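Student: I should like to go through this model with you, beginning with how its parts are held against one another. Could you take me through it?

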Amino acid sequence: MMAGTLVSTIINGDQIEFACRPDETLLEVLRNRLGLTGSKEGCGTGDCGACSITLDGRLVCSCLVLAVEAEGRKVNTIEGLADGDTLHPLQTNFINHAALQCGVCTPGLLIASKALLDRNPNPTDEEIRFALAGNLCRCTGYDKIVHAVKATAKELRKQ
Amino acid sequence: MLKVCLSGPLQAAADGAASVSISAMTIRELLRELVEQYPGMQKQLDDGIAVSVNGEIFRDSWSEEIPESAEIFLLPRIQGG
Amino acid sequence: MANDTKFRNRKFKAVGTRPPRPDGLDKVTGRAKYGADTFAPGQLVGRVLRSPHAHAQITRIDTSKAEKLNGVKAVITSKDLPDLTDGDSDLYDTLENCMARDRALYDGHAVAAVAAIDAPTARKALKLIRVTYTILPHVTDVDEAIKPDAPIVQPRVYTSGVSPKPKSPSNVARVSEFGHGDVEAGFKAADIIVEKSYKTEQTHQGYIEPHACLASVGPDGHGELWVTTQGHFVFRNTCAALLGMDVAKLTVTPSEVGGGFGGKTHVWMEPIALALSRKANRPVKLEMTRNEVFRSTGPTSSTSIDVKIGVKKNGRITAASAYLRYHDGAFPGIWAMLGAMTSYACYDLKNVKTVGYDILVNRPKVGAYRAPSAPMAAFAVESTINEVATKIGMDPIDFRIKNAAKEGTKSSYGPTYGPIGIGPTLAAVKKHPHMRAQLKKNQGRGMACGFWFNFGGETCTDLNICVDGTVTLTVGTVDLSGSRTSLSLIAAEELGIPYERVKCNISDTASLGHNDMTDGSRGTFSSGMSIIFAARNAIDDLCQRAADTWGIPVKDVVWKDGRALAKGKKHRKLKSLSLDDLAAASSNTGGPIAGHSQIVADGAGVSFASHICDIEVDPETSATKVVRYTVIQDAGKAVHPDYVEGQFQGGAAQGIGWALNEEYVYDENGRLQNPGFLDYRVPVCSDLPFIDTQILEIPNPNHPYGIRGVGETSIVPPLAAIGNAVSDVAGVRMTHVPMSPPRIRKAIKDKQA
């Protein structure tokens, strides 16, 4: 594949280097060059949130980030949410609360939920709903997702 | 003898009749008899048909036996999503 | 005995519990593989060139420059997809929809495609293809399309369902009439008649995962297709037919599906991917962009519906009629017919007549969307039912109860009903605390009922007992929302073993016989039934193995709670044998132990639901807010209650979006203006409240566990429930969906004028 620029970055804690074209998005690189297909392309225009990752801790749509912008920064994707074989409580609660059906929006929602709980450990229902408003889900109606995030927030506060 | 009611879209193929009399023990026999009496029905069968026997809708089970004096209704084939 | 489909009441041990789903871990870690998540060595990137015109003659396609571009390995047009349909008009429509032949029929219609070594080369190649169009007059509105001077969309289509056969082509592809009794007499006998017309706009299923596939076809006629689909066996049949391949030589593997709702039951660009791969002799990965998903797949119909209901002052309906105009897009379909069938399905009517008009327009080919055609008809009928109830001063729920269909009612589409759930859902609505909740300022409440069919269909499953006594299930119905869990629960129930000892796999097309699609709410119903029979076959075998082991007649062996027991006093010294024991010894008792089932699951029941919602309308902006929502639906038997609730909530959410905001917007050139999630506005998390659910269980007499399909019905009532709520607040009957703020504003202003 054509590639013009060498980029050095830290992805899920690992030092990673990749080559890419200047017009390639970070989502394209993650999926097509690095095999990290957990982040999904639902729209390519930043409207659905299925490609959500964090860049230096900030929640972004990776389809709106140029891959070259990741130079020298920390990228965290769904693949890095679990710690080895220990799931993050969000992941466990999504399963236990049946907060996923087809699951394609789930990686993005988990990243967005974690970003919320990292900055606000005690969100109200409304705060949860608005924090997740950038992540479309077509299967669940969001009901069980909000329950899962609430339950996780409560658990994490106890720790 | 069974009274076989035809839903609207199928009546044209039976010369406009709302119901026809057929003698049959299974859905397969019923459809075969129907086409013999009304050759125009073959096209409806090819397009897709469903048979309601006493309220249960069958789309494919043509070996299904038909109880005596069952209510039979022929419907166009329905599709879901 | 093994294939007895009749419901038998029993105490369930596994079915009805709520274990975690087996595909959950992969989905929360990003490991699950969807349509676009696989790669093949040497794969090419496919891209499709699409018509920007709503209706145009294609006079010339010059692909020479594109073919010469370095890195381009194949360019195809309709010439590379010869007509092998042999008079099958439905298949020909599919072929023409995959790629335009001599005319582009809608904005987004595929006209050519390329496969290249990477995406930028593919995009460049598309730009080098020269298409010469002669723009033709177009029509996109369902009522405009039936006017005498409307441009004809398909000159080969003559109206079917009318006598005498017409002599010239028409945009009315089909007329379908249903009903019984004498509506004229019925209306004459009415004390009050309400007549109203309604319109609903086109929507899309809106699945978050775009269509994607990886196709690999060799010059030997063997091929593989990895694809996101609701029906890999049907896709195989269709693709093989269109490409002239032997069905057995095309292996289709279904990926995880990121939402389907009916939109992934039809092929769209998969034949193109296969044709590109065949020409290039390399794997081709073809992914649709979101823009292409909106413009070039299968959205719903937009509709225009006239309803007339006559009633006596005592509340009994004397006659009801509906004239339903649905568009099919550019190719004939059965969508208006389905609307005509479902319109009055909730009611017990002596005189009813519904007529559906399937109409062609220059829009994409309409596809199935969760209870296809029923939501629009329900909007029109249920809104009118409320108008009628108001006019005679009767509570809308009591009015529905008075006229509800029940066991023995002749349905409006023909057959007589067996035991059904509409009465119980209405009774549950009356009792539900939601009905007594206090409404605040600018809030209104509405309720509505809905109906949908459920299907069975061809189903094939294998059940294999592993050497350690764990069990694998191999099924051919794609898992859209948790059926792997439910099927494992059913197998565990039958075999009497813990759920954790069962693993359910979705097979590719090479490993099982034909399975119909996961649609029509049939996945759990059909594969579940097939698993029950496969398990019972396996149990017969297990009992024989035990009998052989003990040296006793097999009639003296029973299977209970996962163990073979020798019954009778004379065998009382024989210790029971567990599934694990028998599995371990299987090599000496006859080899591998399995059960297989291939059936046509049929006689599926029908499904009813009633919804209640509270809507707030801002008096200044007419912005709407869903304050409270309740779904009450009959599931027959809820195999996994969490997932049944999930279906109720998901369907309701889609209905809410449809009712309040979602619509296709076309300009005067017939071009879709909002093919993206920014302007095609589906509900987001902050738009919705928690959605309460109540599962009723009125057993389906034709399923051993009483299971009814649940996936679709919950999208049917929302348009009307919300219509009734908004009409309540706005003080004016809403007749145009979506009831977006500008429409509510206009309705209020028009009333005040």
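Student: How much area do domain 1 and domain 2 of chain A bury between them?
Tutor: Domain 1 of chain A and domain 2 of chain A bury about 880 Å² between them, and carbon and sulfur atoms account for 69% of it. Buried area is the accessible area (1.4 Å probe) that two parts lose on being put together, summed over both. In domain 1 of chain A, the residues losing the most area to domain 2 of chain A are Cys48(A), Leu59(A) and Ile78(A), which together make up 46% of what that side buries.

Student: Before we continue, what kind of model is this, and how is it numbered?
Tutor: This is a predicted model, in which local features need pLDDT of at least 70 and side-chain atom pairs count only at pLDDT 80 or more, while totals for chains, interfaces and linings use all residues. Residues are numbered from 1 along each chain as its sequence is written, chains are lettered from A and ligands numbered from 1 in the order in which they are written, and side-chain values use heavy atoms, with hydrogens and water left out.

Student: Where do the two domains of chain A lie in the sequence?
Tutor: Domain 1 covers 5-80 and domain 2 covers 89-158, with bounds that come from an automatic or database domain assignment. The C-alpha centres of these two domains of chain A are 22 Å apart.

Student: How many residues are in contact there, and how many salt bridges are counted?
Tutor: In chain A, 13 residues of domain 1 are in contact (heavy atoms within 4.5 Å) with 11 residues of domain 2. The count of salt bridges between domain 1 and domain 2 of chain A is zero, a salt bridge being a side-chain nitrogen of Lys or Arg within 4 Å of a carboxyl oxygen of Asp or Glu. Four residue pairs are in polar contact across the interface of these domains of chain A (both at pLDDT 80 or more). A polar contact is a pair of N or O atoms within 3.5 Å; within protein, one must be able to donate a hydrogen and the other to accept it, and residues adjacent in sequence count only if both atoms are side-chain atoms.

Student: Which strand gives the largest share on the domain 1 side of chain A?
Tutor: Strand β3 (residues 52-55) of chain A does, with three residues of the side of domain 1 that touches domain 2. Helices (H or I, at least four residues) and strands (E, at least two) are DSSP runs, numbered from the N terminus.

Student: What is the secondary structure of chain A as a whole?
Tutor: Chain A has five helices and five strands, in the order β-β-α-β-β-β-α-α-α-α along the sequence. Its radius of gyration, taken over C-alpha atoms, is 16 Å, close to the 15 Å that the globule rule (2.2 Å times the number of residues to the power 0.38) gives for 159 residues, so chain A is as compact as a globular protein of that length.

Student: Turning to the chains, which pair has the most contacts?
Tutor: Among the two pairs of chains that touch, chains A and C have the most contacts. Chain A and chain B do not touch, and their nearest C-alpha atoms are 14 Å apart.

Student: What holds for the interface of chain C and chain A?
Tutor: About 4,100 Å² is buried between chain C and chain A, with 59% from carbon and sulfur atoms. The contact takes 54 residues from chain C and 46 residues from chain A. The rule finds four salt bridges across this interface of chain C and chain A. Lys40(A) forms a salt bridge with Asp37(C), where the closest N and O atoms are 2.6 Å apart. On the side of chain C that touches chain A, the largest share comes from α17(C), with nine residues.

Student: And what about chain B against chain C?
Tutor: Chain B and chain C bury about 2,200 Å² between them, 58% of it given by carbon and sulfur atoms. Ile78(B), Gln79(B) and Gly81(B) supply 28% of the area that chain B buries against chain C, more than any other three residues. Across this interface of chain B and chain C the rule finds zero salt bridges, and one residue pair is in polar contact (both at pLDDT 80 or more).
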